[in-house]
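I opened the model to look up a few residues and one sheet. My notes follow in the order I took them.

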Amino acid sequence: MKADFSRNTFDPRKHYSLVLQQQGRVQVDADWNEQQLIHAHQRERVGIDVIGPSGAPQSNPGFGLGFTADGSDLTITSGRYYVDGIACDIEPGESLVFTSTGDNKAQVALARADLADFRVGQWVVVNVTADTSQMLRVTAVAVSDGSLTLTLGAAITRPPTPATGAFNGVLRRITTYLTQSDFPGPDFATAAAGANPATLSLPKGLYVAYLDVWHRLVSAVDDPAIRESALGGPDTAVRTKTICQLKLLAVTPPATDAPACGTTFPEWDALIGLGSGALSARSAPSQGQTGPCLIPPGGGYRGLDNQLYRVEIHAAGADGSATFKWSRDNGSVVTHIRSFNGSTLTVDSTGPDDALGLANGQWVEIFGDADELHGRPGQLIQIATVQPATSTVTFAASPTPIDPALNPKMRRWDGGATVVPAGGGGWLELELGVQVQFTAGQYATGDYWLIPARSGATASVEWNHAVPQPPGGVVHHFARIGLVRWAGAVAGSLITDCRRNFAPLTHVPPALHITGISWQNDDVLSLSQFVAGLSISMDGAPIGQYSINIDPGTGTPTPTNVALMTASDNSMIVTVEIPTPVPNQPANAQPPLTMPVPVVLPGNPITWQAKTNTLLWVPSPAAQSVVNALSGGQARVRVRMKGNFIWGDLGQGRLYLDGEVRGQPGLSASRTNSLRTDLSFPSGCGRRHSDFESWFTLQLAATPVSLRSFGLNATVLLGDGTMTGQVVLASVAQSPVTVTLAATSAPNIPVVLNGGNPLTIPAGQTTGTFPITVSAPTSSSVVNVTASVPAIPNSQLTTSLTTNFTVVVLAVAVSPPTALLLTGTSQQFTASVSSSGVAIPGGVDTGVTWSCSGGSISASGNYVAPGGEGVFNVVATSIADPRRKAQAAVTVRVKGKDKDKDKEASADKAVRIDKVALAEKVRDVVLSPAVAAGPVVAGPVISSPVILQRSFIAPAQRPDVGTPAAPPAPTDPNKSDGG
């Protein structure tokens with residue numbers, strides 16, 4: 001608790017009960033505060049001793065949970081609930097008279113200003129008649145001229161009278177998970193968007209609903225009404241407020257049994273586990289003299305003022321990652337932030353003086369109510385400049401603004417965030433000889449230690465602990481309220497109430513109570529478990545002083561301890577219901593009508609197990625014979641304990657059994673997706689005696705195997721491929737179950753189920769899956785698949801189920817199949833997708849995609865020919881099954897005029913090629929030095945212009961110049977012709 005305290009002297013280990021003032025003595029805050037803490041500690045201890053760890057008074061139980069109609073929130077009932085002796089209260093909303101005309105608006109006349117405290121997202125219960133009510137959400141709030149207008153999420157139901165016009169009703173606000181005043185923005189809440197309020201968004205699963213209870217210090221900065229205005233500004237005392245927050249914790253359901261209120265969850269154990277980090281403090285020790293002329297530095301606390309140092313964890317984590325901050329004033333210097341303007345903040349006050357004010361270079365934490373209520377650290381930032389005249393504080397960087405509705409504040413710290421040394425480290429000096437040392441362990445945000453430092457004669461730190469101490473707070477108290485099984489919608493979801501109710505001590509007579517039983521109510525019990533016996537745990541022994549012996553000499557009775565429960569029918573009655581034919585029924589009744597006839601099963605003498613506080617009832621051999629003679633798989637067994645015949649003399653009068661228990665919804669461990677009725681222990685209804693009743697199903701033989709459902713993951717298979725089938729048994733398999741699979745289809749559809757093998761469902765399971773493979777079908781057909789288990793004679797249980805799917809073989813056709821187009825022209829193609837054998841099922845896309853090998857084609861099949869000749873393919877591909885496609889052939893020709901131009905261009909090109917070839921031939925003739933080894937004959941010189949002349953002679957009309965002669969071999973000029 002961060003306030004201007006001198007120190008905290010309360011220590012529960014000293015067992016002080018009162019603080020008494022003496023006359024003429026100085027009064028200090030520590031004495032007064034210690035007396036308050038003594039009272040609070042004693043009150044909580046008494047509450048735990050009387051109520052237990054948690055409980056709700058029967059006359060006013062609070063924090064009961066329910067779903068809103070749309071599942072967007074959880075309702076919380078008003079009332080009281082105790083956690084570790086601390087009372088948590090939710091006051092009922094005040095009933096307000098409203099006027100409406102039958103739409104979704106309710107107008108309320110405001111007698112007081114505080115009645116206007118309605119917000120968007122809150123819920124109200126609306127009553128227009130005594131026996132009808134609506135739960136509606138507030139979507140808009142308007143206040144004007146002394147009236148309040150609420151816009152609700154649905155129209156208000158009109159009463160029978162008046163039939164038209166305005167009518168009156170009563171509404172009251174209720175508390176919900178999302179609208180808790182001390183828990184803004186809870187977990188699993190979507191953020192509000194404009195006029196749309198936040199909603200609860202739970203993933204499917206199991207959750208523990210629990211109360212987190214702790215104490216928060218409230219000062220005049222948090223509640224201005226605390227400040228006495230007549231004093232002109234100074235504050236006085238502070239308050240502590242009990243914070244009770246309903247929270248949800250996602251947990252992993254147990255694998256072996258249905259979850260119950262007392263089920264152990266690892267997530268819960270981690271939540272309520274205490275941190276392992278601790279701290280030691282001391283004043284600096286004196287240093288030894290290092291030389292004859294040196295004065296050693298003094299030890300102890302070197303400050304001039306008495307201070308209460310506070311060391312607090314800022315960021316949670318283990319040693320080496322967690323950070324801490326510290327204050328010499330117990331973090332009591334705090335001011336309200338009026339506004340955020342970039343890096344400059346305007347505050348209520350920068351402090352009365354240098355000692356209790358803000359200064360340049362100091363560390364401050366910027367936070368709001370939401371940060372405190374969620375246990376989050378604020379923004380730790382260093383001040384750049386302070387302007388007391390304008391009450392502004394400037395930082396080097398701009399802090400994140402906080403919503404003014406969340407009461408933004410600024411707290412001064414004298415030491416910024418420092419990492420807790422790995423392994424704890426050595427001694428760290430805060431300042432002026434005040435030293436601390438951490439241990440290795442886990443630390444949580446808000447963990448704190450208070451270290452008084454005193455100047456003067458002692459000049460020391462007051463730390464009277466020989467070992468490191470755990471944090472002084474914040475202390476959180478937890479209690480489970482319920483289990484929430486969320487299935488994605490209200491339908492199929494379930495809330496199990498885990499609250500413990502108690503009656504006032506003066507209204508509940510002392511009694512014996514049942515605290516537990518060895519079987520699950522409304523579930524299956526094996527025959528071997530039944531033969532071993534039924535045990536009942538109690539909170540007291542039903543054994544007392546009973547006079548059965550008379551002293552023959554004196555005639556006085558001798559009291560003897562005996563078990564008052566016997567094997568008679570008067571105390572504990574165990575019956576089995578045997579199906580018996582109904583007399584005088586029609587001879588042709590099918591099936592024959594039967595009725596359960598209870599038969600009492602005799603037991604051996606009932607024994608009391610003192611070490612375990614349990615009664616044990618074991619069936620006698622005669623009872624076992626009755627059970628063994630029963631036919632069929634199961635039989636209903638009922639257990640009844642007569643409260644008025646079960647008692648014990650326990651030194652406080654004769655106590656009878658108050659055995660009545662209440663049922664609550666539970667989930668069966670032996671029947672798939674089946675609810676059962678669980679019992680809420682301990683028993684007791686506030687009477688002197690009452691009966692205990694329970695029932696279970698006795699498993700006489702192996703449970704017949706039957707089918708609950710059989711389905712496929714798809715209803716249509718396009719061509720060949722694989723799909724999955726799933727078989728669900730009606731109950732958990734007690735041994736491996738073999739399911740026979742069969743398929744019937746057209747001969748041209750090869751179907752293989754589970755690789756050709758039966759399906760085996762292992763023991764302890766209810767579900768099995770298998771693959772279905774279809775290979776190369778040639779036509780479409782419906783395939784029927786049957787799953788079956790061995791038939792049960794004379795039984796109505798389902799042992800065979802059939803489902804089906806459709807194999808669809810698609811065929812694609814393109815029209816027209818061929819086309820002759822000129823370059824640049826277009827052709828519209830169409831495609832059809834069909835199936836032979838069966839109609840194409842709905843949901844199968846019969847569209848195609850288009851492509852082509854030349855030119856272009858649109859998504860609608862409009863083909864545009866390219867600019868050159870050729871034969872091109874237009875292809876239509878099925879969207880549903882891209883393996884299925886068809887094509888059309890398109891022949892593209894060039895237009896007539898364009899064709900002549902192309903011919904002329906080709907001829908011109910051929911001429912140029914021929915002329916070049918001719919020139920090459922001529923050059924070879926002119927330049928050849930010898931022909932066939934004959935003498936060189938001089939001839940006319942052919943000039944080069946001949947090569948460059950243009951010829952218009954068609955290639956077919958040109959003379960043949962022959963094949964170019966091979967170049968002659970080079971000759972040696974030094975040799976003769978014969979040489």
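I am working from a predicted model. I started with S100, which I found in strand β6, residues 96-100. Is S100 buried or exposed? Its relative accessible area is 2%, so I entered S100 as buried, the cut-off being under 20%.

Next I looked up what surrounds S100. Leaving aside neighbours within four places in sequence, I listed contacts of S100 with K105, I156, G165, A166 and F167. For K105 I also noted a polar contact: the S100 side chain reaches the backbone oxygen of K105 at 3.0 Å.

I then moved to A3. I located A3 in the segment before α1, which spans 29-51. A3 has a relative accessible area of 6%, and because that is under 20% I entered A3 as buried too. Which residues does A3 touch, not counting those up to four places away in sequence? I listed L217, V238, D329, N330 and S332. I also checked A3 against R239: they lie 236 residues apart along the chain, and their C-alpha atoms are separated by 9.9 Å.

Last, I traced a sheet. I recorded an open sheet of four strands, with antiparallel pairing and the order β33-β35-β41-β40. I marked β33 (514-517) and β40 (607-609) as the edge strands, since each pairs on one side only. From one strand to the next, I noted an average twist of 30 degrees. How many bridges join β33 to β35? I noted three, with β35 covering residues 534-538 and the two strands running antiparallel. For G516, I found the bridge partner in β35 to be S537.

Notes:
Residues are numbered from 1 along each chain as its sequence is written. This is a predicted model: local features need pLDDT of at least 70, side-chain atom pairs count only at pLDDT 80 or more; totals for chains, interfaces and linings use all residues. Side-chain values use heavy atoms; hydrogens and water are left out. Buried means under 20% relative accessible area, exposed over 50%, partly exposed in between (1.4 Å probe, protein chains only). Contact means heavy atoms within 4.5 Å. Two strands pair if DSSP finds at least two bridges between them. Axes are lines fitted to C-alpha atoms, for helices over the stretch in contact, and angles run from 0 to 180 degrees between N-to-C directions. A polar contact is a pair of N or O atoms within 3.5 Å; within protein, one must be able to donate a hydrogen and the other to accept it, and residues adjacent in sequence count only if both atoms are side-chain atoms.
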